[in-house]
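Visitor: Could you pick one spot in this structure and take me in close? After that, I'd like to follow the thread outwards from there.

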Amino acid sequence: MQDHQTNSATTLRLILGDQLNPQHSWFAHQHEDVVYIMLEMRQETDYVLHHAQKIIAIFAGMRELARQLTADGHRVHYLSIDDPANQQSLPANLDHLLRQYQAREFGYQSPDEWRLEQQMADYGQHLRQQKITCHMVDSEHFYTDTQEAATLFSGRKKWLMEHFYRHMRVKHQVFMEDNKPVGGQWNYDHDNRQSWPGTPAEPPDTRHQHDHTVLWKTIQDAGVMSFGNPNAAQFSWPLNRAQALDQLDEFILHGLPHFGQFQDAMSSKAWRLFHSLLSFALNTKMLNPREVVSKVQAAWCAGLVPLAAAEGYIRQILGWREYIRGIYWHHMPGYAEHNLFAHTAPLPAWFWSGDTKMRCLSTAIGQSLQHAHSHHIHRLMVIGNFALLAGLDPAALHRWYLGVYIDAFEWVELPNTIGMSQYADGGLLATKPYVSSAAYIDRMSDYCKGCHYNKKLRIGENACPFNALYWDFFARNAATLSSNPRIGMVYPQLRKMEAAALQALQAQAAGLRARLDDL
Ligand code: FAD
Ligand code: SF4
């Protein structure tokens with residue numbers, strides 16, 4: 001899609017692939033002199049190896065926004081991945097377009113990722129040297145600015161999410177009555193966290209489907225590498241705001257009533273369970289977090305959902321999502337290099353195939369490859385849990401998470417992986433390492449019953465790998481972890497263990513770590 005109106009404009013405005021918000025104030029009026037620039041680039045497809053659906057979803061969403069803006073009377077210059085004029089890098093494309101339009105002003109919305117923020121800051125310097133005005137505007141998406149969490153926690157050693165969440169509830173008067181939390185409690189987590197017995201049924205997947213076979217062929221022909229199932233003919237991630245809003249409404253009616261209760265449950269029979277699958281629409285800004293929160297509040301007021309479910313969901317959006325962003329911006333650059341336990345093992349080959357005998361991992365990774373999505377407990381307590389126990393390199397794991405998930409953008413993926421799941425930052429974010437033996441996975445899922453391994457055994461060929469790796473992890477890291485009061489009974493139990501039993505566990509764990517590819 002090219003702007004054919006005239007070849008000159010005073011101002012070019014850049015829209016990035018995760019800035020697909022048609023309600024941004026930029027678009028409130030049409031301007032003859034403004035051209036919106038949208039760029040599909042190898043710079044963005046290639047910084048890690050991405051899941052095919054992630055590339056399709058972002059390009060399809062960009063093309064759709066360009067179409068909508070054009071239909072609304074805006075001027076748009078869209079460079080597709082296969083356009084011969086596409087130089088595949090942001091500065092090179094912008095230089096070319098600014099010259100082409102002889103523009104004297106350039107605007108962009110604040111990027112979410114440090115990588116792009118730095119690139120744009122450098123580019124702004126370059127423009128100023130050429131006497132071209134460059135300005136950044138807010139993306140008008142988040143509740144917080146990048147430094148709000150850092151200001152709130154200044155002088156504190158621990159950044160407790162609960163403290164941040166309460167601050168947000170009060171500040172934005174969400175779920176508050178007379179300055180007190182609705183229902184008298186801030187948090188209804190104790191009502192949540194149940195396993196799923198098979199009922200109520202998982203709501204049907206009513207997401208809009210579209211055919212992106214042609215776009216997928218264009219992406220492949222352009223030489224973009226990817227992994228995972230493209231599912232191009234029956235693509236289910238939202239294309240635009242209208243589809244995202246439909247998805248939100250469906251979730252509120254059918255998923256949210258059970259969201260809290262089964263938030264941590266896992267099942268081989270239901271990959272979505274009662275999760276919203278809205279993270280892609282939120283992170284690309286098709287949806288605004290405020291409208292999600294206010295619709296959830298309204299559903300509770302109308303008696304459609306229990307308080308625990310509504311509060312639990314709001315905590316994810318108003319609490320976790322904004323808190324994670326605060327961690328990211330305070331600790332960048334350099335956060336990706338944290339590696340508290342000095343773990344260096346490469347990811348086993350089955351991270352790219354799902355082909356492992358461990359049923360929990362083959363399910364969680366299999367779903368990730370199939371759908372470019374897997375819910376929080378798979379990411380944290382199956383894949384991340386195994387990675388930490390097995391000693392996988394956190395930076396390599398970060399690149400995998402950043403590539404595989406449809407919703408993965410560094411500002412949200414990196415703290416979740418390095419901090420929450422790998423404890424590699426030494427506890428800036430998580431109060432303890434999120435690891436478990438088979439017992440937790442068995443309690444929350446139906447995986448262990450059909451698994452090649454025996455959940456009860458610690459030693460031997462058929463013993464569940466999580467068990468020996470779990471005890472070995474705590475034994476290996478006693479100097480770092482034994483004084484952590486949140487770790488509970490692990491160290492007293494280890495101290496009680498006979499030396500021979502511990503040695504056998506450690507030998508078993510060493511054997512497992514030596515053949516991760518074969519597990
Ligand atoms: P739901 O379960 O329906 O939750 C609702 C919303 O709450 C999500 O859409 C999301 O916007 C927000 N949310 C919930 N938990 C978190 C959290 N921990 N951090 C930030 N937002 C949260 N989320 C991403 O959006 N992008 C990522 O790249 C990402 N990587 C992760 C990596 C690891 C190792 C872990 C443990 C978690 C990661 N998460 C990430 C958080 C969470 O797993 C996903 O937001 C969630 O699974 C998305 O699915 P959903 O929309 O169905 O979420
Ligand atoms: Fe996973 Fe172990 Fe259970 Fe198998 S037995 S599903 S490997 S926890």
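**A close look at Gln422**

Guide: Leaving out residues up to four places away in sequence, Gln422 touches Phe341, Gly384, Ala387, Leu388, Pro394, Leu397 and Thr417. Keep in mind that this is a predicted model. Gln422 sits in the loop that joins helix 15 to helix 16 (438–444). Is Gln422 buried or exposed? Its relative accessibility is 2%, and buried means under 20%, so Gln422 counts as buried. Its side chain has polar partners on the backbone: the oxygen of Gly384 is 2.9 Å away, and the nitrogen of Leu388 lies 3.4 Å from a polar atom of the Gln422 side chain.

Now follow helix 15 to ligand 1. Of the 29 residues around ligand 1, the ones that come nearest are His275, Ser276, Leu277, Asn283 and His373. By type, the shell splits into 13 nonpolar, twelve polar and four charged residues. Three polar contacts are worth pulling up on screen. A polar backbone atom of Leu278 is 3.0 Å from an oxygen atom of ligand 1, and a backbone N or O atom of Ser279 also lies 3.0 Å from a ligand 1 oxygen. From a side chain, an N or O atom of His373 is 2.9 Å from an oxygen atom of ligand 1. Taken alone, ligand 1 would expose 810 Å², and the protein buries 99% of that. Helix 9 (279–283), helix 11 (307–331), helix 13 (376–390) and helix 15 (410–421) are the elements that each give two or more residues to this shell.

His275 leads on to another histidine. His375 lies in the loop between helix 12 (359–371) and helix 13, and His275 is among its contacts beyond four places in sequence, along with Ala265, Met266, Trp271 and Leu273. A polar atom of the His375 side chain is 3.2 Å from the backbone oxygen of Ala265. At 2% relative accessibility, His375 counts as buried.

Helix 11 takes us a step further out. The buried residues of helix 6 pack against helix 11, as well as helix 5 (148–152), strand 7 (176–177) and strand 8 (180–181). In helix 6 (residues 161–171), those buried residues are Met161, Phe164, Tyr165, Met168 and Arg169. Looking down the axis, they fall within an arc of 135°, so they line one face of helix 6. That pattern has a simple background: an α-helix has 3.6 residues a turn, so residues three or four places apart point the same way. Just after helix 6, Gln173 adopts a positive phi of about 50°.

Helix 7 can be read in a similar style. Leu215, Trp216, Thr218 and Ile219 are the buried residues of helix 7 (residues 213–221). They cover an arc of only 160° around the axis, which is why they sit on the same side of helix 7. Their packing partners are helix 2 (52–71) and strand 9 (226–227). The face turned away from that buried side carries the exposed residues Val214 and Asp221. Just past helix 7, Gly223 takes a positive phi of about 90°.

One last stop is ligand 2. The residues around ligand 2 include Cys360, Cys448, Cys451, Cys464 and Lys455. Its shell divides into ten nonpolar residues, no polar ones and one charged.

Methods
Residues are numbered from 1 along each chain as its sequence is written. Chains are lettered from A and ligands numbered from 1 in the order in which they are written. This is a predicted model: local features need pLDDT of at least 70, side-chain atom pairs count only at pLDDT 80 or more; totals for chains, interfaces and linings use all residues. Side-chain values use heavy atoms; hydrogens and water are left out. A residue is near a molecule or strand if one of its heavy atoms lies within 4 Å of it. A polar contact is a pair of N or O atoms within 3.5 Å; within protein, one must be able to donate a hydrogen and the other to accept it, and residues adjacent in sequence count only if both atoms are side-chain atoms. Accessible areas come from the Shrake-Rupley method with a 1.4 Å probe; for residues, only the protein chains shown count as cover. Helices (H or I, at least four residues) and strands (E, at least two) are DSSP runs, numbered from the N terminus. Ala, Val, Leu, Ile, Met, Phe, Trp, Tyr, Cys and Pro count as nonpolar, Asp, Glu, Lys and Arg as charged, and the others, Gly among them, as polar. Buried means under 20% relative accessible area, exposed over 50%, partly exposed in between (1.4 Å probe, protein chains only). The arc is that of the directions from the helix axis to the C-beta atoms. Contact means heavy atoms within 4.5 Å.
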